[in-house]
Amino acid sequence: MTEIEQRRQTAAARLADLKIDALLVSSPASVRYLTDYSGSNGLVLLSRGESHFFTDPRYGLEASQKITCRVHVAKKPLIDAVIAVLKRKKLKKTGFESAWMRFEDYSKLKQGLPSGFSLHPIGSVLEEQRMIKSAAEIERIRNSVNTNSRAFSAVLRQIKPGAREQEIAAALDFEMRRLGAEKPSFETIVAAGDRSALPHAHPSARPLGGNELLLIDMGATLDGYSSDMTRVAFTGAPPKRIRDLYRAVLEAQLAAMDSVRAGAVAGGVDAAARKVLKRHGLDREFIHSTGHGLGLEIHEPPRIGKRSKTKLQAGMAITIEPGAYVAGLGGVRIEDTILVTQNGCEVLTPTPKELVQI
Ligand code: ZN
Ligand code: ZN
């Protein structure tokens, strides 16, 4: 049995607990997880007996060659083909991903199924399964992280004051693709000067000045898997206020990573970072959560946040990224992608963490 078939079997084994006969999967990442299909129009229907994959004729050939479950190439809307299978196989109770199913598809299902058939929203069952990465997935994340860091280092060497945020972002995206990435995992963040205090700044036409902060947050998607890293540089010799801010955030990041191990509660990891920033009087400047899982999506469970009760397990790939954003001064965030292990964690990101001077 291949790993992909094993994933479908594991997911299908949950159906009895969920009291459903079939599970309709429409999240693109979960469809990819269960079939290796990476196109834009695919649905999976899991049942205890067999699994079905639905796509349109554009992907028919690719799907029939590599997908090992029943492939349905539909000339009509995919959901019509799903209805036909549910009726034919008498799969009466169908679970669906409420966060992902389109309302249009839901309405069609509701209208198209005879009486006695029912639809049931299910939570993030597949996201939960996807939290623990297999050896093959970890290898892909490793490649993605390394490619991302190589692109960062190559571009960093060439950045000079005067370059616009947009130009730096374009150079980073170009370099990661040149090194084999499919695409950036998210819109690359390049924020100079006081704009570094905006945690999700879009790159603008603002040129990088002298004696100011430069925050870069980037990820490269490779073989479908994401990476995520934030580093901060300063153009010139950083003044004490900036050095202190940087040291406090770095201390918080190391404390959070230190608290990571299988069995630790995600909320406790977040608290470890918050405690350090509080000691430095920066807790109110830390305005987001400490990290997130990543894999086929850039943001996946578990969330490493204040109220997160998830117990970390070996094989989870997560980010640790505390930050402090001081209006008028700027923001510092330090982010690595790490792997939870039995006794701690492995930091996958190879890029050094000193405050870079350019
Ligand atoms: Zn990031
Ligand atoms: Zn992140």
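## Getting started

A helix here is a DSSP run of type H or I with at least four residues, a strand (E) is a run of at least two, and both are numbered from the N terminus. Keep in mind that this is a predicted model.

## Helix H8

Let's begin with H8, which covers residues 165-178. With 14 residues at 1.5 Å a residue, H8 should span 20 Å, and its end C-alpha atoms are indeed 20 Å apart, so the two values agree. Just after H8 comes Gly-180, and its phi is positive, near 115°.

Which residues of H8 are buried? They are Glu-165, Ile-168, Ala-169, Leu-172, Glu-175 and Met-176. These residues cover an arc of only 130° around the axis, so they sit on the same side of H8. That fits a general rule: an α-helix has 3.6 residues a turn, so residues three or four places apart point the same way. On the face turned away from the buried side you'll find the exposed residues Phe-174, Arg-177 and Arg-178.

And what do the buried residues of H8 pack against? Their partners are helix H7 (135-156) and the strands E7 (183-184), E8 (189-192), E9 (213-218) and E10 (220-221).

## A sheet of four strands

Two of those partners, E8 and E9, turn up again in an open sheet of four strands, with the order E8-E9-E11-E19 and mixed pairing. E8 and E19 (356-357) are the edge strands, each pairing on one side only.

E8 and E9 run antiparallel, and four bridges join them. Look for Val-190, which stands opposite Ile-216 in E9.

## The zinc site

Now for the metal. The zinc ion (ligand 1) is coordinated by Asp-217 (OD), Asp-217 (OD), Asp-228 (OD) and Glu-335 (OE), at 2.1 to 2.5 Å. Along the sequence, the donor residues follow the spacing D-x10-D-x106-E. Why is the arrangement around this zinc ion irregular? The four donor atoms subtend angles of 56 to 146°, while a tetrahedral site would need all angles between 85 and 135 degrees.

Asp-228 also bridges the zinc ion (ligand 1) and the zinc ion (ligand 2), which lie 3.2 Å apart. Asp-228 and Glu-335 link distant parts of the chain, as they are 107 residues apart. Asp-228 is in the loop between E10 and strand E11 (229-234), whereas Glu-335 is in the loop between strand E16 (330-333) and strand E17 (336-340).

Are these two residues buried or exposed? Asp-228 has 4% relative accessibility, so it counts as buried. Glu-335 is buried too, with a relative accessible area of 0%.

Technical notes: Residues are numbered from 1 along each chain as its sequence is written. Chains are lettered from A and ligands numbered from 1 in the order in which they are written. This is a predicted model: local features need pLDDT of at least 70, side-chain atom pairs count only at pLDDT 80 or more; totals for chains, interfaces and linings use all residues. Side-chain values use heavy atoms; hydrogens and water are left out. The expected span of a helix is 1.5 Å times one less than its number of residues. Buried means under 20% relative accessible area, exposed over 50%, partly exposed in between (1.4 Å probe, protein chains only). The arc is that of the directions from the helix axis to the C-beta atoms. Contact means heavy atoms within 4.5 Å. Donors are N, O and S atoms within 2.8 Å of the metal (3.2 Å for Na, K and Ca); water is not among the atoms, so sites may look incomplete. Four donors count as tetrahedral if all angles lie between 85 and 135 degrees; four count as square planar and six as octahedral if opposite donors are over 155 degrees apart and all others between 65 and 115; anything else is irregular. Two strands pair if DSSP finds at least two bridges between them.
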